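Please report on how the ligand is held in this model. Cover the contacts, the pocket, the confidence and any unusual backbone geometry.

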Amino acid sequence: MKLIIFGPPGAGKGTQAEFIKEKYNVEHISTGNVLREAVKNETEVGLLAKSYMDKGELVPDEVVIEIINQKISSLGDKGFMLDGFPRTIKQAEALDKVLDKQDLNLDTVVLLEVDDEEVVKRIMKRQKIEGRDDDSEDVVRNRLKVYRDQTSPLRSYYSEKGLLEVVEGVGDITDISKRIDNILEQYA
Ligand code: AMP
């Protein structure tokens, strides 16, 4: 199975990604996790990414596209789930290219929908638990703006390809997992 999970920050992508990974045995590829690891290890990519991440801005397309190209090329035909990538139309087009080159197709794109106020509330709670630098209220508001401006156009991009599935991301976590599961079962 090859899928994308996307949605605004705080939509619960990480939580649902864990569930999908366990159930469907797919490789979980999170550009946010890769970048946080790079920041921690102070690699060249990490040093460059940090200033963008701290402000809630997107890291330049070329940097994340390179990360994804390397990951996908190393997987062979193992299933994967992209979480936090693509975040721009340019990234989506680059993904199409790398998949084409390897004769791979996406099965589906799951959009987890949650409104802005709920997102801010959830992230404020998460910051108390995880202490992420980019979870402060003003940075979250900027991440939401960036999502609206740069990432939400992916909705029509994947809808036009007939791949988009919209899932209501509010409610009980297990109920949300069930909604996702109902969609994914057909591709297992
Ligand atoms: P996330 O954990 O997915 O919320 O990502 C945290 C931060 O990492 C984002 O706010 C961006 O600064 C950066 N980031 C993660 N994925 C991408 C991407 N696909 N394109 C650009 N920046 C990204």
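## Polar contacts to the ligand

Val 59 meets the ligand through its backbone: one of its N or O atoms lies 3.1 Å from a ligand nitrogen atom. Glu 57 also uses a polar backbone atom, here 2.6 Å from an oxygen atom of the ligand. Gln 91 contributes from its side chain instead, with a polar atom 2.9 Å from a nitrogen atom of the ligand. How much of the ligand does the protein bury? The ligand alone exposes 480 Å², and 96% of that is buried by the protein.

These distances come from a predicted model.

## Pocket and shell

The ligand occupies the largest pocket. Around the ligand are 16 residues. The closest are Thr 31, Arg 36, Glu 57, Gly 84 and Gln 91. Glu 57 and Gln 91 thus appear again: Glu 57 with its backbone contact, Gln 91 with its side-chain contact.

Which element gives the most to this shell? Helix H2, residues 31-40, does, with four residues. Sorted by class, the shell holds six charged, six nonpolar and four polar residues.

## Confidence

The protein has a mean pLDDT of 94. A value of 70 or more is reached by 100% of its residues.

Where is confidence lowest, and where highest? Helix H6 (residues 116-130) is lowest, at a mean of 88. Helix H8 (residues 154-160) is highest, at 98.

## Backbone geometry

Two loop sites deserve a look. The first topic is a proline. The peptide bond from Phe 85 to Pro 86 is cis, and its omega is near -5°. Pro 86 belongs to the loop between strand E3 (80-83) and helix H5 (89-101).

The other topic is an asparagine. Asn 25 is not a glycine, yet its phi is positive, at about 50°. Asn 25 is found in the loop between helix H1 (13-24) and strand E2 (27-30).

Conventions. Residues are numbered from 1 along each chain as its sequence is written. This is a predicted model: local features need pLDDT of at least 70, side-chain atom pairs count only at pLDDT 80 or more; totals for chains, interfaces and linings use all residues. Side-chain values use heavy atoms; hydrogens and water are left out. A residue is near a molecule or strand if one of its heavy atoms lies within 4 Å of it. A polar contact is a pair of N or O atoms within 3.5 Å; within protein, one must be able to donate a hydrogen and the other to accept it, and residues adjacent in sequence count only if both atoms are side-chain atoms. Accessible areas come from the Shrake-Rupley method with a 1.4 Å probe; for residues, only the protein chains shown count as cover. On a 1 Å grid over the protein atoms alone, a cavity is a set of points where a 1.4 Å probe fits but cannot get out, and a pocket is an open set with protein on both sides within 12 Å along at least five of seven lines; lining residues have an atom within 4 Å of a point. A molecule sits in a cavity or pocket if more than half of its atoms lie within 2 Å of its grid points. Ala, Val, Leu, Ile, Met, Phe, Trp, Tyr, Cys and Pro count as nonpolar, Asp, Glu, Lys and Arg as charged, and the others, Gly among them, as polar. pLDDT is the predictor's confidence in each residue, from 0 to 100.
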